[in-house]
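The following exercises are to be worked with the sequence and the three-dimensional structure in view. Each task is followed by a solution in steps.

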Amino acid sequence: ELISNVYTKIIDYFKTKKEKLTFTTLVNSDKKEDKIYTFIPLLHLDNQEKVSISQSEPFGEINIEIYQRKA
């Protein structure tokens, strides 16, 4: 259920905005619990190739994109 909720949040974000989505924007909270309950499902979504996550530097901002299958 958590994975589905996070995925729905990501899809809804990209329906209304075309800019980059960051982990900070997705979580929108400073609580550790909120970050954990978003990060773990995000890893599952990346593993399932539903989203793509990237980070340019250690401990830097995490960028989230909808996974685009290559033709």
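**Exercise 1. A residue in a loop**

Task: Locate Phe59 in the chain and determine whether Phe59 is buried or exposed.

Solution.
Step 1. Phe59 belongs to the loop that joins β2 and β3. The structure is a predicted model.
Step 2. The relative accessibility of Phe59 is 85%. The cut-off for an exposed residue is over 50%, and Phe59 therefore counts as exposed.
Step 3. The backbone is examined next. Most residues other than glycine have a negative phi. Phe59 is not a glycine, yet its phi is positive, near 65°.
Step 4. The loop can now be placed in its context. β2 and β3 form a hairpin, with six residues between the two strands, and Phe59 is in the turn.

**Exercise 2. The sheet**

Task: State in which order the strands of the sheet are arranged and which of them are edge strands.

Solution.
Step 1. The sheet is open and consists of three strands in the order β1-β3-β2, with antiparallel pairing.
Step 2. β1 (21-22) and β2 (51-55) each pair on one side only, and these are the edge strands.
Step 3. Strands of a sheet pair through backbone hydrogen bonds, either parallel or antiparallel. For β2 and β3 (residues 62-66), the pairing is antiparallel and extends over five bridges.
Step 4. The register can be read from facing residues. Ser52 is opposite Glu65 of β3, and Gln55 is opposite Ile62 of β3.
Step 5. Asn63 is a further residue of β3. With a relative accessibility of 17%, Asn63 counts as buried, because the cut-off for burial is under 20%.
Step 6. Beyond its neighbours within four places in sequence, Asn63 contacts Lys20, Leu21, Thr22, Ser52, Ile53 and Ser54.

**Exercise 3. Helices against the sheet**

Task: Identify which strands helix α1 lies across, and which strands helix α3 touches.

Solution.
Step 1. Helix α1 (residues 2-16) lies across β1, β2 and β3, and its direction is at about 80° to β3.
Step 2. Helix α3 (residues 32-47) also packs on the sheet, where it touches β2 and β3. The direction of α3 makes about 115° with that of β2.

**Exercise 4. The two sides of α1**

Task: Determine which residues of α1 are buried and why they line one face of the helix.

Solution.
Step 1. The span of the helix is checked at the outset. α1 has 15 residues, and the distance from its first C-alpha to its last is 22 Å, close to the expected 21 Å.
Step 2. The buried residues of α1 are Val6, Ile10, Tyr13 and Phe14.
Step 3. Viewed down the axis of α1, these buried residues fall within an arc of 90°, and they therefore line one face. An α-helix has 3.6 residues a turn, so residues three or four places apart point the same way.
Step 4. The cover over the buried residues of α1 includes β1, α2, α3, β2 and β3. On the other side of α1, Lys15 and Thr16 are exposed.
Step 5. Lys9 is also found in α1. Its relative accessible area is 43%, and Lys9 is therefore partly exposed.
Step 6. Apart from neighbours within four places in sequence, Lys9 contacts Leu26 and Val27. The side chain of Lys9 reaches the backbone oxygen of Leu26 at 3.0 Å.
Step 7. A longer separation along the chain may be added: Lys9 and Asp46 are 37 residues apart in sequence, and their C-alpha atoms are separated by 15 Å.

**Exercise 5. The loop between α2 and α3**

Task: For Asn28 and Ser29, establish how accessible each residue is.

Solution.
Step 1. Asn28 lies in the loop between α2 and α3, and the place of Ser29 is in the loop between α2 (23-27) and α3.
Step 2. Asn28 has a relative accessible area of 68% and is therefore exposed. Ser29, at 21% relative accessibility, counts as partly exposed.
Step 3. Asn28 is not a glycine, but its phi is positive, about 55°.
Step 4. The side chain of Ser29 reaches the backbone nitrogen of Lys31 at 3.2 Å. Not counting residues up to four places away in sequence, Ser29 touches Asp34 and Lys35.
Step 5. Ser29 and Glu19 are ten residues apart along the chain, and 20 Å separates their C-alpha atoms.

Note on methods:
Residues are numbered from 1 along each chain as its sequence is written. This is a predicted model: local features need pLDDT of at least 70, side-chain atom pairs count only at pLDDT 80 or more; totals for chains, interfaces and linings use all residues. Side-chain values use heavy atoms; hydrogens and water are left out. Two strands pair if DSSP finds at least two bridges between them. Helices (H or I, at least four residues) and strands (E, at least two) are DSSP runs, numbered from the N terminus. Contact means heavy atoms within 4.5 Å. Axes are lines fitted to C-alpha atoms, for helices over the stretch in contact, and angles run from 0 to 180 degrees between N-to-C directions. Buried means under 20% relative accessible area, exposed over 50%, partly exposed in between (1.4 Å probe, protein chains only). A polar contact is a pair of N or O atoms within 3.5 Å; within protein, one must be able to donate a hydrogen and the other to accept it, and residues adjacent in sequence count only if both atoms are side-chain atoms. The expected span of a helix is 1.5 Å times one less than its number of residues. The arc is that of the directions from the helix axis to the C-beta atoms.
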